[in-house]
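Visitor: I am new to protein structures and would love a tour of this one. Please show me the model and explain the words as we go.

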Amino acid sequence: MQDLATKFANLTIQSDFIFKKVMSRKRICKHLLEELLQIEIADINYLEAEKTLEPDYTSRGIRLDIIVADDKNTHYNLEMQVKNNKNPDTDTYVLPKRSRYYQALLDIDLLQAGQPYDLLPPTYIIFICIFDFFKQGNYVYTFKKRCLENLELELPDEATTMLLNTKGTHGDISKDLKSFYDYVNTHIVTTDFTRQIDDEISYLKLDTKVRREYMLMEARLLDERREGIAEGKDIGFAEGKDVGLVEGEAIGMAKGEAIGIANANTATAKRLLSMGLTVQDIAKATSLSIEQVEALKAD
């Protein structure tokens, strides 16, 4: 527990946990969007922080960091990306298709059954990357669909993906956005905007409720890893009879980890229900959907 307390005290804006908390402050999130897009936004509404999207039980669910809608019904999804992860099986970077999947599931969530397609609102998928994915030095990489035969012809689907490169060296961005990049990289305050962010992080770290939430989350993740490894070894030894002990154990550990995570999430949710937490808060503290938590509550 002492290690978790120290870890919490050392968290920065690069942490998913802190990023979500900071961007849940309307004045900060709104100003960041205004500086990035160079527009004026009258107001933003939070649809749900860390929203779980699971369109089908056979599909892969995702947890979105921050989703907001402005006064013109434009929807924004903000994500912090610290690592440029690769799929070890294909040796390909996952970020491009991850953005594609996020966009698809966000669209599904925004359009109700039977509604016409033209009711889909404009959307921005925004990844704040602590690395230069394209290695071109741009501060911002903005993507829209264009015709290959005529690059001036844009498909007006109103879907935009933006990769922000905090390590960038050129491009036209505002002073506040550049100071935000520098703050993400170095945690040094240079403007009033980054002072607001830094103060917010300081307040968060003094909040005992926030600290307990973080420590609960980290403890749950540790339990999941332990349970997954233990169950994985058992399954792996059994499957090793067919495919070889080493390979079987590796396969089994992967399966066991998934089983362990599912079991730990359910157990955690039940404990939190007994403590009187709301369904929404429990869904945020676990990887379960609101519907799954409500089913546990009904039982």
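Guide: Let's begin with a word we need soon: contact means heavy atoms within 4.5 Å. This is a predicted model, in which local features need pLDDT of at least 70 and side-chain atom pairs count only at pLDDT 80 or more, while totals for chains, interfaces and linings use all residues. Residues are numbered from 1 along each chain as its sequence is written, and side-chain values use heavy atoms, leaving out hydrogens and water.

Visitor: How many helices and strands does the protein have?
Guide: Both are DSSP runs numbered from the N terminus: helices are H or I with at least four residues, and strands are E with at least two. Counted that way, the secondary structure comes to 10 helices and 10 strands.

Visitor: Which residues of helix 6 are met by helix 2?
Guide: Look for helix 2 at residues 16–23 and helix 6 at residues 192–206. From helix 2, the residues Ile18, Lys21 and Val22 take part. Their partners in helix 6 are Ile197, Glu200, Ile201 and Leu204.

Visitor: How many of the residues in that contact are nonpolar?
Guide: Ala, Val, Leu, Ile, Met, Phe, Trp, Tyr, Cys and Pro count as nonpolar, Asp, Glu, Lys and Arg as charged, and the others, Gly among them, as polar. The contact of helix 2 with helix 6 has no polar residues and 2 charged ones. The number of nonpolar residues is 5.

Visitor: Which are helix 2 and helix 6, roughly parallel or roughly perpendicular?
Guide: Axes are lines fitted to C-alpha atoms, for helices over the stretch in contact, with angles from 0 to 180 degrees between N-to-C directions. These two axes come within 10 Å and cross at roughly 115°. Under 35 degrees counts as roughly parallel, over 145 as roughly antiparallel, 65 to 115 as roughly perpendicular and the rest as oblique. Helix 2 and helix 6 are therefore roughly perpendicular.

Visitor: Is the crossing of helix 3 and helix 6 left-handed or right-handed?
Guide: A crossing is left-handed if the near helix is turned anticlockwise from the far one by less than a right angle, and right-handed if clockwise. The axes of helix 3 and helix 6 come within 11 Å and cross at roughly 145°. Helix 2 passes helix 6 in a right-handed crossing. The crossing of helix 3 and helix 6 is left-handed.

Visitor: How many of the 12 residues of helix 3 are buried?
Guide: Buried means under 20% relative accessible area, exposed over 50%, and partly exposed in between, using a 1.4 Å probe and protein chains only. Helix 3 is mostly covered, and its buried residues include Ile28, Leu32 and Leu36. The buried count is 9.

Visitor: Is Gln38 buried or exposed?
Guide: Gln38 sits in the loop between helix 3 and strand 1, and has a positive phi of about 55° although it is not a glycine. Because its relative accessible area is 58%, Gln38 is exposed.

Visitor: Where is Glu158 found?
Guide: Glu158 is a residue other than glycine with a positive phi, near 60°. At 44% relative accessibility, Glu158 counts as partly exposed. Its place is the loop between strand 9 and strand 10.

Visitor: What is the distance in space between Asp199 and Val22?
Guide: Asp199 lies in helix 6 and is partly exposed, with a relative accessible area of 26%. In sequence, Asp199 and Val22 are 177 residues apart. In space, C-alpha to C-alpha, they are apart by 9.9 Å.
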